[in-house]
Every structure is written in structure tokens, then in C-alpha cells.
Amino acid sequence: MSETTTFSGNRGLQIEEKLIFEMGNEGCSGVDLPEPGPVDLDRMGGLAKRGSSGLPDLSEPQVVRHYTRLSQKNYGIDTGFYPLGSCTMKHNPRLSEKVARLPGLADLHPLQPQKTVQGALEVMDSLAHWLKELTGMPAVAMSPAAGAHGEWCGLMAIRTAHEEKGEGHRRRVLVPESAHGTNPASAAMCGFTVDPIPAKENGRVDLDALKAKLGPDVAGLMLTNPNTCGLFESEIIEIAAAIHGAGGYFYCDGANFNAIVGRVKIADLGIDCMHINLHKTFATPHGGGGPGAGPTVLSAALAPFAPVPYVVHGKGGFELVEDAREGAKPFGRVKGFHGQFGVFVRALAYIASMGADGLRQASSDAVLNANYLQARLGDMLTPSFDGPCMHEALFDDRFLKDTGVTTLDFAKALIDEGYHPMTMYFPLVVHGALLMEPTETESKEAIDQFIDVVRSLALRAKAGAADEFKASPRFTPRRRLDETLAARTPVLRWKA
Amino acid sequence: MGDKRFTKDHEWISVEGDMGTVGISDYAQHALGDVVFVEVPDAGRAIAKGAEAAVVESVKAASEVYSPVSGTVVKGNQAIVDQPGLVNEAAEAGAWFFTVKLSDPSELTDLMDRAAYDAYLKTLE
Amino acid sequence: MRYLPLTDSDRRAMLAAIGATDVDELFRDVPAAARLAEALPLPRHQGEMEVERAFTRMAGKNLSAGCAPFFIGAGIYRHHVPAAVDQLLLRGEFLTAYTPYQPEVSQGTLQALFEFQTQVAMITGMDVANASMYDGATAAAEAAVMACRVTKRARVILSGSLHPHYAETTETSLRYTEMTAERLPPDPLGFEDLLGRVDSRTACVVVQNPGFFGGVRDLRLLAATCHEAGALLVVMVAEPTSLGLFESPGAMGADIVVCEGQSLGVGMNFGGPGLGLFATRDKYVRQMPGRLVGQTVDVDGKRGWVLTLSTREQHIRREKATSNICTNSGLCALAFSMHLTMLGGSGLARLAELNHAMAVKLEQKLAAVKGLKVLAQSYYNEFAVHLGDGADAALLVDKLADQGILAGVPASRFYPTWPELAPVLILAATETNTEDDMDRLVAGLKEALS
């Protein structure tokens with residue numbers, strides 16, 4: 001319990017906020033609209049709405065205050081250090097927000113005649129060009145809306161390529177045990193079955209085990225690189241050769257491309273397709289869970305099957321191809337219209353700001369920061385693997401053995417110290433995982449302070465302060481929430 | 001009810017005559033944590049040994065319950081559907097999942113008795 | 001490089017702490033053959049001014065909607081978004097937060113999404129809604145898959161009223177599964193017979209209301225027919241502001257309602273990102289894809305919110321998940337919710353009346369164009385017109401664009417192989433139009449068609 005209570009329930013800047021449905025006055029509105037003129041024709045078809053929707057009526061000041069208060073109950077990158085492994089919470093440049101709001105880019109309809117949107121098509125084409133150059137791949141499908149959507153897009157291209165070759169019987173996809181859950185879920189949506197492959201002691205794919213699983217029914221391999229343990233798959237070229245030798249394609253989950261951009265070309269690794277999370281590698285905002293974008297680069301073998309639409313250079317300028325053309329056999333369409341254009345603008349602004357030199361410096365600094373974190377915490381926590389990591393450092397919970405403190409408790413205690421927790425219990429291949437990704441946009445000072453905090457917490461845990469950890473967080477707007485209650489008796493909406 | 005026999009997937013069955021009662025083991029409920037949702041099969045459904053027969057979910061995990069034997073479902077346990085927490089309280093007693101009329105009682109010989117299951121659990125540690 | 005805080009002396013000190021001589025050493029697990037020795041031969045970094053100049057140049061090559069009489073809809077609608085929405089959306093605590101997996105530091109996003117779910121359920125007339133999907137097209141595809149899961153059937157009927165992109169996305173999603181989609185031909189007059197196609201193998205009928213060609217229809221008989229056959233009715237709403245004026249899909253018997261939510265808060269942005277809304281009945285909630293926020297209490301007994309029922313999702317169920325979806329369209333959902341909160345119940349109703357009144361006014365003005373025929377008997381803020389036999393809507397739109405008029409969408413853009421649709425033009429009017437816009441459109445049409 002908090003030691004102090006107030007009459008209002010507020011505590012200084014921590015202000016309790018009702019639901020919008022519990023406030024407002026009927027007849028108020030935050031928007032002034034003109035009076036609709038007389039309607040002389042009956043075009044309602046007898047389907048006029050009966051009864052009210054139940055939405056509350058609020059004025060603008062009430063609305064602005066409501067959302068401002070809600071925002072103050074959130075932690076963002078703008079608030080502080082956000083070492084959430086595999087999520088790449090790097091600074092989101094505000095220039096990207098500014099240019100994305102230019103009316104000439106924001107106030108455009110996707111179905112305007114193409115000659116009136118040449119600048120928008122240029123944005124798409126320029127971003128596609130950068131993505132192809134940075135990966136060395138000949139083609140890119142721009143429309144997937146997020147990473148998992150890009151995964152599915154890549155696998156659909158693989159499935160279609162096999163079908164076109166008369167090898168539709170290839171239905172087995174190899175996926176490492178450490179893979180993100182979207183990998184098997186995406187494979188299942190393409191009619192593939194998933195065959196797990198084990199990792200070696202050093203956290204990399206077991207090449208011999210992989211080879212033993214190859215066969216004429218194998219469609220491909222899904223491999224995250226750098227992998228979910230934050231390690232580069234050092235035998236990746238041999239892995240690619242093995243899967244190609246068996247007639248399969250190599251899908252790379254590019255969630256961690258941010259670690260190697262400008263330092264490695266994906267094409268040189270033998271990869272056939274890879275999605276790129278623009279919100280991770282190219283700093284577009286996560287927005288509390290989207291929107292993302294997952295453009296998927298494709299090798300020459302898969303390029304003909306890219307989904308519509310895509311931009312080509314035509315006689316009179318850029319052309320948006322929305323239907324199958326000669327020579328192309330698109331596997332279909334993955335979403336409405338032309339992709340996450342608003343996200344493209346932001347990513348391209350970031351890329352233009354960073355340039356080839358800046359992008360390479362960013363991946364170098366991201367890896368340097370993670371290795372520094374690993375080196376400075378290695379004696380106090382328990383790193384899961386030896387040797388350098390890439391953009392994130394993985395620890396397991398051996399350092400908490402017999403303290404009574406769990407990984408979850410440790411993470412919640414970090415919240416009281418003013419930090420967002422690291423990723424917990426992922427990847428599943430190590431016990432009680434703590435995955436920390438500092439990103440390149442943190443200063444040495446910020447990382448040093450975080451290291452000091454983590455070390456002090458580890459010492460407190462080892463000194464027997466388990467009760468303190470169990471009670472954390474104590475200073476947040478809400479303390480630990482009852483997830484069992486939420487799931488047993490779901491309350492998913494407000495009701496009068 | 002007769003003595004329980006166990007599967008490697010942590011289901012148990014106790015049989016009287018040709019009627020079996022199926023549930024999940026105490027080890028399984030403990031591994032899942034707080035159970036928040038249960039789905040049991042409808043009466044009359046034919047199930048094969050090893051086939052998915054029921055579902056049990058906690059906040060962070062979901063698991064299928066496989067039938068230890070072949071047969072026809074007689075009844076699902078509505079009590080655990082209404083109160084999933086019972087599975088945590090009495091996994092090997094009142095919180096059974098369904099009853100089944102066995103079509104091939106000889107399948108029981110493939111299952112472990114209590115001692116064998118306990119020994120099997122030791123190997124999982 | 002303004003986004004990178006490390007200095008060279010920081011880097012040296014950090015390398016020393018690691019025990020490495022240079023950064024290249026940290027990349028030693030990369031096969032030597034694949035390492036790039038230096039930055040790629042592409043443009044170097046630039047300051048804000050240079051970047052802004054480049055984007056202003058690209059933006060200048062476009063004809064933005066605000067600079068033209070604008071009558072384009074067909075799945076993306078231009079509405080006025082209140083200034084407060086964008087200002088609030090830019091708050092860093094919303095903009096730069098991750099998915100609210102840590103509820104103690106994410107109550108803002110969680111409460112806002114709980115409000116969003118409630119608003120979506122209210123306007124669609126359904127019990128429960130999720131925290132959003134990528135867009136309308138992917139929501140439609142997910143709804144079809146969910147209906148198959150619920151009914152344990154595999155046949156999906158896609159009405160000709162469905163936006164072609166939604167239909168194509170659904171077909172693509174089902175392409176390599178056991179499920180099949182029967183897609184009906186485009187239906188500009190609203191004559192298609194859906195009732196006769198529903199049978200005991202049908203998992204669902206997916207119908208759009210208002211339809212792609214603008215028509216509004218009564219869905220009650222279709223709902224009853226579906227239910228009698230053990231199938232679900234999935235209703236797609238591409239223009240959710242219509243729900244302020246017309247009977248909700250829920251009230252007409254829908255089992256799943258999906259929407260493209262872009263109309264409220266999000267803006268056009270050349271068609272992306274969109275916002276998929278997804279609502280259903282309580283009894284199907286565990287079959288629903290996507291994230292869900294639920295109410296609970298904290299250890300002090302205070303009301304709060306968490307992500308819940310996540311065992312449906314890929315990170316737990318993996319290949320058995322209800323969907324591979326891992327993200328939602330969080331910030332767009334927030335924008336939608338803010339806009340709807342600004343409007344309120346009475347504001348939404350007023351906005352919808354205004355849109356409808358503008359469309360009726362447009363129909364009246366179009367009576368002056370010889371040979372032009374409005375195809376729908378009832379509509380919301382959009383309808384298809386036939387320009388007369390032999391007319392080519394695509395050519396006409398192209399011609400008017402040269403005069404700075406954005407005159408709707410030719411049906412042939414979506415149906416290039418249907419010659420009978422060549423003279424069909426789809427026109428939308430919203431509160432952003434003026435009478436002067438309409439007069440310019442009508443004058444342009446008259447001239448072009450004479």
C-alpha cells in the first residue's frame with residue numbers, strides 16, 4: 001500500500017482519470033459542424049439508425065485534458081531508457097513526423113490519377129531503392145504492413161515459386177526453436193508444416209541437425225539473423241548452401257537487421273527473402289503498438305511472384321502496377337492500396353538524414369553499446385553465451401538462483417528505478433531470459449547509469465531483499481495487475 | 001474410481017468397467033499456473049487415442065488435452081468450464097475434464113501407473 | 001550525426017572496457033566474405049534543412065486533395081480531422097511507447113485502447129471489439145478465416161459489393177489453405193443474389209455496406225438466411241462515419257463486423273497506414289484474432305487494464321494461433337478514438353447527416369449532366385454513376401485532373417477487364433466539399449462529355 005493517500009486519489013502529477021464514458025454532457029461536442037442543408041431526396045432506403053450509439057459527448061478542453069492525462073501514465077522512449085530486447089526502441093526523429101505531415105504527402109488519396117502523385121511514387125521508389133541497395137537484393141515487395149505480414153509475404157512467394165515449378169508437394173518448413181512465435185504462425189497460414197531445428201551450445205543453429213532434416217518435401221528455412229539470442233549465425237553461408245542444395249528457399253527474419261545494416265549485404269549470405277521492420281531499423285515510431293511496415297526484399301528467383309502493387313519506371317515517369325503484367329506472376333495482394341505510405345515517408349526521412357555513412361555508424365554503435373552492456377554486467381549477471389553479441393545482450397536467471405527473486409520481479413524493480421524493463425522470458429531457449437537492447441541512440445552516460453542501477457539491484461537481490469522485489473513496482477500509476485482475473489472473467493468493454 | 005494411469009503428456013485416466021474419467025495431472029496444472037479457461041468435448045463425440053479432446057489455458061500458456069484412450073465422450077465437466085480455477089485446486093480429484101466410454105480397453109496397457117509416472121517426472125527435472 | 005550520442009572518446013573507452021581493439025572485432029562472427037569494409041556508395045548523411053528541402057520538392061510534385069475539387073472515395077475518405085487530434089497524437093508518451101506488455105507503465109495506452117474497443121463495439125452494434133488490425137482489407141481476410149474456424153466449414157462467399165482490394169486480399173490469404181473463396185462479380189446495381197448461394201457448407205458471407213459502388217442495403221434477411229444455414233454474416237464497413245446515420249450491422253444481425261477505420265482521425269496518407277476495426281459477439285471472442293485489452297485490478301484493488309486472452313496469439317500458440325498478427329495499428333486506433341471522442345454521439349450523427357446531405361446535393365447537381373445516370377437508389381456519401389454508353393470514365397478522370405479536378409474513381413481502375421464498367425465512375429462527397437467544388441465538377445463533366 002502507498003503510505004500516503006489523498007482525498008481525490010490523485011498524487012501530485014499522478015492524476016486518476018475516468019473513462020470517457022463516465023464523463024461528458026449530452027449535446028456537447030468538440031467539433032463544430034455546419035448545419036446540414038435540407039435533404040430533398042430520400043436516399044436512406046428505410047435504414048435510418050434507431051436509438052443512440054451510447055457515445056459520450058465531450059467538449060474540446062475535456063478531450064485534450066483526458067488524453068494528456070492518459071499519456072502521463074505511459075513510458076515512451078522520450079521518457080527514458082527503454083532496453084527492450086528484440087524491439088529496438090531507438091529515438092524517433094521529429095523531422096520524420098514533420099515531413100510526413102506535409103499536405104503534399106499526407107493529404108493524398110491512393111486512387112488519384114498517377115500523374116497527380118508522382119512525388120508520392122518517388123518516395124516509394126526511393127525507399128525501395130535504398131532497401132535494395134542496403135541488402136543487395138534485386139526486388140522488394142513494399143506493401144506488407146508489419147514484420148509478421150512481411151514474413152507471410154515471403155513465405156507466400158516461396159510457396160508460389162514451388163507451385164510454379166511443379167513442386168507444390170514441398171510443404172515442410174524448418175524453423176529454429178529460438179524463433180519468434182510469428183514464424184510458425186506465418187508458415188501455418190501458407191499451408192506449411194513447421195519442423196523445429198535445435199540450437200547448439202553456442203546459441204547458433206545446429207548445422208548437422210539441419211542437414212539431417214533436409215529432404216524432397218522441404219520448402220524452405222526460416223532463420224532470424226542476427227538471431228533471437230542476439231548472435232550472428234556464423235555458419236549462415238553453409239546453412240544457405242545446404243537449404244538451396246535440397247531445393248528449398250531461405251527466408252531470413254530481418255527483425256534484427258538494425259544490427260548489421262551497412263556492414264553486411266543480405267544477398268551475400270545466400271538469403272532469398274527477408275522482411276525489414278521499418279519501425280526498428282529505420283526509426284519510425286512504435287506508437288504503442290503500430291502501425292509498422294514490413295517491406296520484404298526478394299531474390300531474383302522469388303521476384304516474379306511479388307504481390308501487387310509495385311512501382312516501376314515508365315515512359316512518362318513513375319508507374320504504379322496494380323495488376324499482373326507480362327513476365328510477372330504476383331501471388332496476390334496482401335492489403336488495401338499501396339502499403340504503409342505514411343511509414344515509408346518517415347523511414348525515408350531517417351535514411352536521408354543518416355546516409356550510408358550514418359547507417360553504418362548506427363549499427364556499429366548499436367553493437368558497441370550492447371557489448372559494453374554485456375561486458376560491464378557480465379560479472380554480476382549471468383550472460384547466456386560467450387563472445388561478442390550483436391545489438392542485444394542476453395542473460396539468464398542463474399544469477400538469481402536461490403534469491404527468491406524471479407526475472408519478472410527483477411524487471412518490475414527496474415520500473416521503480418525509472419526504467420522500462422528489458423525483454424523477459426524470450427527467447428525461450430534460455431532459462432528466465434533477460435534480453436537487453438540499448439540501441440545506438442543512448443549516450444554512454446545513460447548506459448553507465450543503467451548499468452549502475454542493474455548492478456545495485458542484483459546486489460540487493462543477492463542480499464536477500466526478495467520481499468522488496470515482490471512488492472515492486474511501487475511508484476507507478478498502477479502496481480502489479482491481476483492478469484488471472486482479467487482472463488478468467490474478461491471485461492473487454494465499458495458497459496453502462 | 002479405479003487407480004489412475006498416466007500419459008507422457010500428463011493426462012490421467014481412471015477406469016471402472018468400460019467407463020473412463022480423464023483429467024490432467026497435478027504436475028501439469030502446476031506447470032501451467034493459474035488456469036483461466038477450459039474447453040471440454042461435447043457428449044457423443046468419437047475420439048481416438050492421442051487425439052485432441054480438450055483445451056486448458058493459463059494466462060501465459062495454452063495446452064491441448066489429448067485423450068489417453070479411444071472411445072465416445074459421455075460427458076464434459078461443466079464445473080471446470082464455469083470455474084477454471086478448480087483445475088488448480090483439484091486436478092486429480094474433482095476437476096476431471098470428461099468421461100469416456102472406452103472402445104478398446106487394451107489401450108490402457110500402454111499407460112503408466114503412478115510409480116512409473118513419478119519416475120518419468122523425475123526425468124523431466 | 002544528430003541522432004547518435006556517442007563521441008569517439010566514448011567509443012574508445014567502451015572498446016577498452018570490452019577488451020576489443022575496434023568495432024570490427026565485434027563483428028567477427030560475420031563470415032569474412034560477407035563483411036563490408038566501408039560504407040556503401042550511397043548518399044551521405046544530411047542536415048534537417050537538406051532533408052526537408054528534398055521532401056518539400058517531392059510533396060510539390062503531387063496534387064494534394066486540399067488544392068482541388070475532390071470527389072474520390074472508394075475505400076479511403078477525406079474528412080476534416082480536428083486539430084487537437086494530431087496535437088495529442090504527437091505526445092511522446094503515446095508516439096514513442098511500445099506495445100503495452102508492461103501494464104504498470106502503459107496504463108495510458110491500455111485505457112485508451114479499452115475506450116477504443118468500447119467505441120467500436122458501440123458504433124457497430126456488437127458486443128466486443130479488438131484493439132485493431134492493419135487495415136480493412138486484412139481485417140476482412142481475418143474475419144473470413146475466423147468464420148471458418150467458428151463454423152468448422154471452409155467455404156467463404158465474397159459479395160460483389162466488397163471492395164476489390166478486400167476481396168483480393170481475402171483470396172490471397174486463403175490461397176494455400178483448406179479454405180476457398182467464391183467471389184461474386186462486381187455489383188454496381190445491387191442485384192446480386194446472395195440468399196440463394198448460402199448452403200450447409202457455407203462458413204460465411206462477406207458483404208460490404210455501404211457497398212463498393214455506394215449502395216446501402218438491408219441485411220436482415222441475409223443474416224437470417226445465414227443463421228438458418230449455420231453460417232456467419234460478416235459485414236464490412238469501409239466508411240465508418242456512415243454508422244452515425246444508418247442502422248448498425250449489429251442491429252441487422254451481423255456476427256462479425258470489420259471496418260476500415262481511416263475515415264476518423266487517421267487521414268488519407270496515400271492509402272496507408274489504415275486501421276482495421278474488428279468486432280464480434282461475446283460467444284466468439286476466443287476465436288477472434290488480434291490484441292485485446294481487458295479490465296482488472298492491481299494489488300491495491302485499483303481498476304486498471306492489461307492485454308488479455310493472449311493464449312489466442314502467436315507468441316503462445318505459435319502455428320496454432322488464431323492469426324500470425326503481432327502488431328495492431330495502435331497509433332491509428334488512438335487517432336480514431338480521439339476523433340470519435342471529439343465528435344461524441346451527437347457530433348458523429350451530425351457529421352453523418354452532413355455527409356449524406358452533401359451527397360444528395362451532388363446527385364441533384366449532376367442532373368444537369370446529360371446522359372449521366374446515378375446507379376444506386378440509396379446511398380450514404382458515395383454513389384456510382386453511369387456516364388452513358390461508350391463513355392470512358394478513366395479518360396474523363398484523366399482529362400479533369402489536367403484541369404485540377406479530382407473527379408472520383410473510374411471503376412475500370414479495379415476492373416480493367418470488364419468493358420461494361422468502363423463508363424462507371426464512383427463519386428464521393430464529404431463535409432470537406434463545398435458547393436463551389438460541386439459546380440466545378442459538374443461544369444467539367446458537362447464539357448468533357450459534350
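In the predicted model, long-range contacts dominate the fold of chain C: among contacts between residues at least 6 apart in sequence, 73% join residues at least 24 apart. Chain C holds 450 residues, and 64% of them count as buried. Its secondary structure comprises 13 helices and 13 strands. The C-alpha trace of chain C extends over about 80 × 55 × 50 Å along its principal axes.

For chain A, the corresponding contact statistic is 72%, the share of contacts with a separation of 6 or more that is due to residues 24 or more positions apart. Of the 496 residues in chain A, 60% are buried. The secondary structure of chain A was assigned as 14 helices and 13 strands. Its C-alpha trace spans about 80 × 70 × 45 Å along the principal axes. The radius of gyration of chain A is 26 Å; because a compact globule with 496 residues would have a value near 23 Å, the computed figure agrees with that expectation.

Within chain A, an open sheet is formed by four strands in the order 10-11-13-12, and the pairing is antiparallel. Strand 10 (382–383) and strand 12 (423–424) of chain A are the edge strands of this sheet, each of them pairing on one side only. Strand 10 of chain A is joined by two bridges to strand 11 of chain A, which covers residues 393–396, and the two strands run antiparallel. In this pairing, A:Pro383 is placed opposite A:Phe395, a residue of strand 11 of chain A.

The two chains were also examined for contacts with each other. On the side of chain C, 171 residues are in contact with chain A, where the contacting set numbers 173 residues. Helix 11 of chain C, which runs through residues 330–366, supplies 24 residues to the side of chain C that touches chain A, the largest share. Classified by residue type, this side of chain C consists of 84 nonpolar, 53 polar and 34 charged residues. Interface size is often expressed in another way, as the accessible area lost when the parts come together; the description here rests on residues in contact, 171 in chain C and 173 in chain A.

Notes:
Residues numbered from 1 in each chain as written. Chains lettered and ligands numbered in written order. Predicted model: local features only at pLDDT ≥ 70, side-chain atom pairs only at ≥ 80, totals over all residues. Pairing = 2+ DSSP bridges. Buried ≥ 20, exposed ≤ 12 C-beta atoms within 10 Å, placed from the backbone. Contact = placed C-beta atoms within 7 Å. Nonpolar A, V, L, I, M, F, W, Y, C, P; charged D, E, K, R; others polar. Rg over C-alpha atoms; globule rule 2.2 N^0.38 Å.
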